[in-house]
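Dear colleague,

Please find below the structure I promised to hand over. My notes on it follow directly after.

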Amino acid sequence: MKIVPISLPTPFYIGPVNVYLIAEDPVTLIDTGPKTKEAHEALREGLRAARVRPADIRRIVLTHAHEDHCGLAKQVRDEAKDAEVLVHGWETGHRAGRLEYEEHRQLLVRAGVPDAEIEAMRKMYEGVRSYADALADDEHRELMDDDELEFSTGTLRVVHTPGHTPGSCSFLREADRTIIAGDCVLKRVTPNPVLSPDPVDPTRRFRSLEEYLVSLARLRALSPTLVHGGHGEDVTDYEELFNRYLRAIRERQAHVIGHVPKAGATAWEVSRQMFPDAADVHRFLAVSESVAHLDLAQADGKLVFETNTDGREVYRRRTAEDFGARA
Ligand SMILES: [Zn+2]
Ligand SMILES: [Zn+2]
């Protein structure tokens with residue numbers, strides 16, 4: 001069972017995206033690239049080089065529903081006539097081409113993001129959304145952890161690896177422990193744990209970084225020999241990457257805690273201090289990252305937070321009093 005990588009251009013800061021073709025019965029495409037003319041052409045070219053016609057594709061599997069990965073899913077499916085689209089059920093926020101806007105807004109309010117900034121983020125995301133076609137609920141089937149995707153000469157096992165998004169999935173070829181990991185594993189950058197509502201209870205915040213750490217450990221337990229990421233080169237030494245990620249997360253956590261003043265601060269205030277130059281989408285990603293690290297520090301018992309009367313959550317360092325109160 002051969003896995004053929006195809007690199008497609010994206011209009012996003014991250015650069016080209018990797019999608020993967022398994023040119024075997026049933027012909028399967030893992031991720032599709034964004035909905036742009038350039039990506040569509042590059043995809044056709046990649047298929048041609050592998051001697052696959054768009055109409056041959058039977059199955060479109062999505063690692064997650066970010067626009068750079070899923071944008072062309074509908075178009076590719078339509079060209080292939082009766083191909084099915086598979087995505088994890090927890091990718092609710094994006095799979096229908098929409099962010100759960102009110103739930104996201106609530107999360108941003110709680111993080112202390114000012115109204116005008118929230119409005120700017122909303123406008124920006126409307127722009128990003130144009131790089132993906134919506135898929136209705138009856139236009140895809142749900143991937144489940146441990147599902148086996150069968151091919152004529154082997155199988156890929158679905159490994160649910162939440163963190164970057166709640167429904168992110170990886171795919172394991174057991175024979176040689178090769179993994180296709182989407183944005184869960186990227187050689188040159190630590191993936192952002194994107195601020196999301198909890199798919200089970202959308203009034204809560206998804207504990208993205210804690211989930212992500214579990215997913216990284218889960219992949220490690222599979223002893224991968226080769227990991228194909230969603231962007232950049234393959235990872236041949238997962239152990240090195242795993243340790244590098246943990247170090248980066250620990251360092252970032254210490255840094256985030258260092259930006260919490262005695263009087264306390266919201267995630268937004270922390271993000272503005274940590275990334276004062278962030279603009280546009282990077283402001284959202286910065287607040288996303290701050291929330292993730294603040295939540296992890298709180299789970300580790302290093303910070304506490306209180307919800308103000310205006311609904312904003314203020315984090316502060318744990319004091320002796322807090323320890324006393326808990327004893
Ligand atoms: Zn992504
Ligand atoms: Zn990506």
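In which loop is the place of P162? Please bear in mind that this is a predicted model. P162 sits in the loop that lies between β8 (154–160) and β9 (169–173).

Is P162 buried or exposed? It counts as buried, because 26 C-beta neighbours lie inside 10 Å, where 20 or more are required. Apart from neighbours within four places in sequence, the contacts of P162 are W90, G167, S168, E211 and S215. D133 is 29 residues away from P162 along the chain, and the two C-alpha atoms are separated by 23 Å.

Turning to the protein as a whole, it has 11 helices and 13 strands. Its radius of gyration is 20 Å, close to the 20 Å expected from the globule rule for 327 residues, so the protein is as compact as a globular protein of that length. The C-alpha trace spans about 65 × 40 × 35 Å along the principal axes. Buried residues make up 44% of the 327. If one takes the contacts between residues at least 6 apart in sequence, 65% of them join residues at least 24 apart.

The domain assignment gives domain 1 (4–97 + 132–236) and domain 2 (252–326). Their centres, taken over C-alpha atoms, are separated by 31 Å. Eight residues from domain 1 and 10 residues from domain 2 take part in the contact. On the side of domain 1 that touches domain 2, the residues comprise four nonpolar, two polar and two charged.

One sheet deserves a description of its own. It is an open sheet of six strands with mixed pairing, in the order β1-β2-β3-β4-β5-β6. Why is one side of β1 and of β6 left without a neighbour in the sheet? Both β1 (4–8) and β6 (141–143) stand at the edges and have a single partner strand each, so one side of each has no neighbour there. From one strand to the next, the twist averages 25°.

At the β1 edge, β1 runs antiparallel to β2 (residues 17–22), and five bridges join the two strands. Within this pairing, L8 has V17 in β2 as its bridge partner. Helix α1 (residues 37–49) lies across β1 and β2 and runs at about 155° to β1.

With kind regards

Note on methods: Residues numbered from 1 in each chain as written. Chains lettered and ligands numbered in written order. Predicted model: local features only at pLDDT ≥ 70, side-chain atom pairs only at ≥ 80, totals over all residues. Helix = DSSP H or I, 4+ residues; strand = E, 2+ residues; numbered from the N terminus. Rg over C-alpha atoms; globule rule 2.2 N^0.38 Å. Buried ≥ 20, exposed ≤ 12 C-beta atoms within 10 Å, placed from the backbone. Contact = placed C-beta atoms within 7 Å. Domains from an automatic or database assignment. Nonpolar A, V, L, I, M, F, W, Y, C, P; charged D, E, K, R; others polar. Pairing = 2+ DSSP bridges. Axes fitted to C-alpha atoms, helices over the stretch in contact; angles between N-to-C directions.
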